[in-house]
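Me: I should like to learn how to read the fold and the chain contacts of a model. Could you take me through them in order?

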Amino acid sequence: MKNTLIAGLLLSATAVAAETPVLTVYAPDYFGSEWGPGPSIEAGFEERCGCDLQFATGDVLPRLLLEGSRTEADVIIGLNTDVTKKARESGLFAPHGQDNGALTLPVAWEDDTFLPFNWSYVSFVYDTTKIDTPPASFAELAAAPDDLKIVIQDPRSSISGLALLLWVKAVYGDEASAYWESLAPRIVTVTRGWSEAYGMFTDGEVPMVLSFSTSPAYHIIAEEDTTKQAAIFDDGHYAFFELAAKIEGTDVPELADQFLDYVMTKDFQSMIPTTNWSYPSALADEELPEGFQSLPRPASAIFYTEDEAAAVRDAALEEWRAALAQ
Amino acid sequence: MARSAGPITGLAGAASVALLALLTLGTLGAVAWRAEGVSGLGPADWYAIRFTVLQALASAAISVVCAIPLARALARRRFPGRGLLIALLGAPFILPVIVAVLGLVAVFGRQGIVNDLGAVLGLPQIVLYGPQGVILAHVFFNLPLATRFLLQGWLAIPAEQFRLAASLGFDGASMRRHLEWPMLRATVPGAFLAIFLICLTSFAVALAVGGGPRATTIELRIYELFRFDFALGDAALMACVQFAICTGVALVALVVTVPKVSMAGLDGIVARWDQRGRVSVTLDAAVIVAAALFLLVPMGVVLARGVPMMAALPASVWWAAVTSLGVAMVSTALALTLALSLALWTARGGRVAVGLTEAMGALVLTASPLVMGTGLFILLFGWTNPTALALPVTAVINAAVTVPFALRVLAPAAREVEDVYGRLSASLGLSGWARMRLLVLPRLRRPLGFTAGLAAALSMGDLGVIALFSTGDTETLPLAMYRLMTAYRTDMAAGAALLLVLLSFGLFWLFDRGGRVDADA
């Protein structure tokens, strides 16, 4: 009896709150930061939709998998290509309904579930005051002078670390293990995430760090510092995409579709460069901010589909571990 | 000595044990329940287990061995600023991981102060990265804790005993054998165990200064299994391994611990007659200076960077600080309640209470933050939206994590109150709240102050457990700092880190000081 009463009260409370529809978007933690893309996306979308966009930030995929079909998410944003296989197998997602032809990516995009909203090339970023001639390939990096040291991220805990693992595997194939052995003397240490590694780089502990080709744009635009540059390898660079997707079981499907429409708009796309310090997924080069247009780009992009990545990952990880644990 | 506990003491103690069991074994059970199969332990897992245990043993042993001369020197010397130094030496324990790592790198790294000095003197470069780095970092974090435990031990030796020893003409060796050695036998195993367990769940620190995949810990495997494979069964299995190691080491510690014999004193100021020699003064001074340099320079380097940024911190960081202070206050109140109820329960409740409390304390230290967070999420998701509970969950977990440390200082003190004053208070008919107010709380003031300080400081820090619980618009200070780092704002992050440490430290100082207003320590 009492329970019915409480349930009734809760229901009526929800009914009052539900006058403004709510779009719940699961996003990685950096969306919650006032320095990240979250606030401008929220403001921009709420202007169009007459709704309340609420970011729920944290570990997106583990949370979604734990919640299953009972999830409160309507849309997710910020998944990476390395986990899409796991995500797709959950069956929780609906088609994104956008035109992949409108994307301006370095690879042909054929996925109709996961929609890229920004991307970058995985790259080694170096300090020009400490390195005169940066290596122009993986081979040159391994053969670099003894004082050229790098910090990388662990492929077991970091997505950029995993991207490097796949990049090396794509370039070296069966020789990847030997390559890691030759690179080992260059690697000062391996960190859990990007922040620790990049902090060691900006603190001057190492002259070069694993990051993204667009990282220098932050220093150029926000700090007017041109001493941080990405080393461009002629092996080609691994492309790293961040994705948005619609949840099948959403209770506001129109809003979710409208959000994915919004992702493809110029408004959204032109916010990405200076909030997420990466390339937007559907914006012509000439519309990029000044600091981005001048960034060097590799001649070719390397990318494993989720099935290819899944097929090589375990073996590549074991090679990496064995080569660096010696 | 075992007499039956009062009904309220018993109830509160049992409830506290139940809460800790839920947070540790309960969360593990929840994760295992959601698992869809286990693939067993592979070679990489065994490698991780071996590395984890070895580094934890070495880190704990070195921390405790270094803490003995340091605690001894601090216990028997008086100098201006001693109180402040003791408090400051505790600060590394509350540093956010990333701040501590960058601090250690700034001092011991390739371009660090030590190597710069060494280059001037023509010494070969020292290499931070490797197992030595892992141990160095863990000693940096845990030496303060070990010192604190042992210092409490030294200060608990009544002044009268030293006076008696002096009047009996004890020399240094006899002093050590009759007064200090029994105290160490009672304190060291507990301190060693606590630090071993803390190092058992290390992950980010071990990796960053470990130089590569050689430094793979169990916690990293759990993280990998969660994040990439979503293999809950294997993650739960690794968490069981952590608990098994914890149990094994706890049993050993239990066997080698010699229970302390309670001694009454009149709380006089300790005067030591065995410390006047020039050699002993020089040695103590050298130990204190070396420890201060080791612990304070890395902290000073990173925090100094934050000073110019303090004024420029955005409003959101200050709001985050307010949120964190709120969480810390709730967490502190909860930690005090838990720890005090457990301490009183063990003091009066006999062996079962002691055993259960010790076991829970050890499990809390060993529990994988990731498993705890996921398990809680699964448990809460059954009946409510966990997102709304992010901050309360943070407060509860932070309080639970403080309990084992608090018990180290609180439980012996509570036992001593029972042993020494129990019969007197019984004969005076003192009971209930009057007994609490007139006897227990005043006698426990010092460890209670320490407990409150530690709880407050620790809860300013942690963010690892609630990664699944979205905090929505409310961010805590460590989260704000981390977000600044991911947005490339390293200078502002340094400012936020300084604010975090100042607040943690301020709270610790305030409570700890409050606990010993009129004491000479």
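Reply: The dialogue below treats chain B, its contacts with chain A, and one helix. This is a predicted model, in which local features need pLDDT of at least 70, side-chain atom pairs count only at pLDDT 80 or more, and totals for chains, interfaces and linings use all residues. Residues are numbered from 1 along each chain as its sequence is written, while chains are lettered from A and ligands numbered from 1 in the order in which they are written.

Me: How many helices and strands are there in chain B?

Reply: Helices (H or I, at least four residues) and strands (E, at least two) are DSSP runs, numbered from the N terminus. Chain B has 20 helices and zero strands.

Me: What share of the residues in chain B is buried?

Reply: A residue is buried if 20 or more other C-beta atoms lie within 10 Å of its own, exposed if 12 or fewer, and partly exposed in between, with C-beta atoms placed from the backbone. In chain B, 53% of the 521 residues are buried.

Me: How many residues of chain B are in contact with chain A?

Reply: Two residues are in contact if their C-beta atoms, placed from the backbone, lie within 7 Å. By that criterion, 46 residues of chain B meet 40 residues of chain A. Among the elements giving two or more residues to this side of chain B are helix H4 (97-108) and H15.

Me: Which residues of H15(B) are buried?

Reply: H15(B) is mostly covered, with 11 of its 13 residues buried; these include Leu370(B), Met372(B), Phe377(B) and Phe381(B).
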